[in-house]
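Reader: I should like to learn how to read an interface between chains and a metal site. Please take each feature in turn, with the general idea before the case.

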Amino acid sequence: MLLISCPNCGSRDETEFHYGGQAHVAYPENPNELTDREWAEYLFYRDNTKGAFAERWLHSTGCRQWFNMLRDTVTYEIQAIYPMGSPRPDAAGKVTAETGTASTAADSTTTGSAAPSIAATSTFPTSSTTAPEGATK
Amino acid sequence: MSTHQLPEHPDFLWRNPEPKSSYDAVIVGGGGHGLATAYFLAKNHGMTNIAVLEKGWLAGGNMARNTTIIRSNYLWDESAAIYEHALKLWEILPEELEYDFLFSQRGVMNLAHTLGDVRESMRRVGANKLNGVDAEWLDPQQVKELCPILNISDNIRYPVMGATYQPRAGIAKHDHVAWAFARKCDEMGVDIIQNCEVTGFVKDGNRVVGVKTNQGTINTEKVGLCAAGHSSVLAEMAGFRLPIQSHPLQALVSELHEPVHPTVVMSNHVHVYVSQAHKGELVMGAGVDSYNGYGQRGSFHVIEHQMAAAVELFPIFARAHVLRTWGGIVDTTLDASPIVGNTPVENMFVNCGWGTGGFKGTPAAGMTFAHNIATGEPHRLNKPFALERFETGALIDEHGAAAVAH
Ligand SMILES: Cc1cc2nc3c(=O)[nH]c(=O)nc-3n(C[C@H](O)[C@H](O)[C@H](O)COP(=O)(O)OP(=O)(O)OC[C@H]3O[C@@H](n4cnc5c(N)ncnc54)[C@H](O)[C@@H]3O)c2cc1C
Ligand SMILES: [Zn+2]
């Protein structure tokens, strides 16, 4: 059972939240140019990191805002909580939680777990076709 | 309920050899799937210079942690074909392996609690029959006759509006299944090497030619990955990605009881499933934790939710005690179907993505995967489950269709 510190509401039980999967997955900027392989990467392939993993959470029964979280997938230790659109904090240098509020920017969506984040492109070197992170060319 | 004695605990069912410097094929992962693959490689394809490498103890992963339910009442043709083939193999394997692993065909019920459930369930019964899978629709009275401890009154939160029933489905003693395969593999010359963790791969261009392990490097012509929750970790070492997310899944058991629960009962809607083990424990499972995890433990609220539903459906459970809970790491795909086939790396093959339901598939996973490894080409039963389906869009979408997550 996780105790999650919502940037807006403070520490709450895991059951108040909804898991949104890997963070920083950019929506393709030029969808028409994507190959089938690149679409597959965007739709179905996500990192499955054993260790520090950046993921999105929605405080669904609280403030209903999305935020990002850095969590260890082995120990389940929550290492950082940071706003949507912010770069991923360094996994080694722990960033304190409750810095800033969950953003209401375009990527702070409330449409469900499949909703893509579109504001994180700047933090990750993506390919020239702006395919999602990790897409093969 | 079976009155069988449990088979003897096997102290010396297999040798524990040192790894050789090279093999014709190496299977990574000594769970049910890895052992079944090695068995069929030896038996059907005459490949006996092979090794199964297991980082822990034999079949100590999900194979030792699952709730042992076996059924083949899946919706889509591709799934029905592979799971029904598995069920047919389960029916002959105790004799073939000369080891009684207590496969008990006591039937599986999938309860319907809403009108939507009822319609979806009847549709699945129809689909099952068309695919030659035994299936029946039961009304609440018939449900009660088959499982008298179920509460079928209509004033509860999750009223039983009927159930699908597969009489040939059931449970088997999972540890003994693994030991049965291991013993036969060993007899045919397969090396089973425990405490041997694969830490990397040796490649010649895009072709795999060896595995690196904590017991040294082993040369091999072919590699088959059967590492369930860790498949994507291994794929990353080999330089490719898998559309897999690993999640914690829990199960629990009560103390021993007299035989009270004659069949297997699963609930699509509430997501709880219950059977009574041969010794007498009530064995229960539920859904996965929503988040990714490798910690082999799960969230307490999942147990709370499943117990609330179980006690309502089976009022006599209110006086039972939970004895143990534990977790495994299951490898889920977005269409809730396994991935069995070739990979982007030459001579490397993958069997994964069975998620919460791969125990039942063990014999067919082994048979088809062995075929794929030996010939380089998929068997007709695993062909639809290739990695390419995520690119072509030919998904086998069993989520919600398959009667409980899997
Ligand atoms: C709680 C729970 C309940 C379940 N209930 C059911 C059920 O009722 N019915 C059903 O059909 N299925 C069920 N399942 C799913 C089923 O157990 C799995 O789908 C199936 O066991 C997966 O195949 P396997 O047996 O080979 O996996 P595993 O037994 O997990 O085998 C994989 C092995 O690979 C090893 N490994 C990993 N990495 C490495 C490495 N680097 N080097 C060497 N070895 C490595 C692991 O140690 C492990 O032993 C359940 C699972 C869980 C966790
Ligand atoms: Zn909040």
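Author: The area buried between chain A and chain B is about 2,300 Å², and carbon and sulfur atoms give 51% of it. Buried area is the accessible area (1.4 Å probe) that two parts lose on being put together, summed over both. This is a predicted model, in which local features need pLDDT of at least 70 and side-chain atom pairs count only at pLDDT 80 or more, while totals for chains, interfaces and linings use all residues. Residues are numbered from 1 along each chain as its sequence is written, chains are lettered from A and ligands numbered from 1 in the order in which they are written, and side-chain values use heavy atoms, with hydrogens and water left out.

Reader: How many residues of chain A are in contact with chain B?

Author: Contact means heavy atoms within 4.5 Å. By that rule, 26 residues of chain A touch 28 residues of chain B.

Reader: How many salt bridges does the rule find across the interface of chain A and chain B?

Author: Side chains of opposite charge can pair when their charged atoms come close. The rule asks for a side-chain nitrogen of Lys or Arg within 4 Å of a carboxyl oxygen of Asp or Glu. It finds 3 salt bridges across this interface, and 19 over all chains. Arg37(A) forms a salt bridge with Glu391(B) (2.8 Å, N to O). Arg37(A) also forms one with Glu41(A) (2.8 Å, N to O); these two residues of helix α1 of chain A are 4 residues apart, about one turn of the helix. Helices here are DSSP runs (H or I, at least four residues), as are strands (E, at least two), numbered from the N terminus.

Reader: Which protein donors does the zinc ion (ligand 2) have?

Author: Donors are N, O and S atoms within 2.8 Å of the metal (3.2 Å for Na, K and Ca). For the zinc ion (ligand 2) they are Cys6(A) (SG), Cys9(A) (SG), His59(A) (ND1) and Cys63(A) (SG), at 2.0 to 2.3 Å. Their spacing in sequence is C-x2-C-x49-H-x3-C. Cys6(A), in strand β1 (residues 3-6), and Cys63(A), in the loop between β4 and β5 (66-72), are 57 residues apart and link distant parts of chain A.

Reader: What is the geometry of the site of the zinc ion (ligand 2)?

Author: Four donors count as tetrahedral if all angles lie between 85 and 135 degrees. The site is tetrahedral, with angles of 103 to 123 degrees among its 4 donor atoms.

Key
Four donors count as tetrahedral if all angles lie between 85 and 135 degrees; four count as square planar and six as octahedral if opposite donors are over 155 degrees apart and all others between 65 and 115; anything else is irregular.
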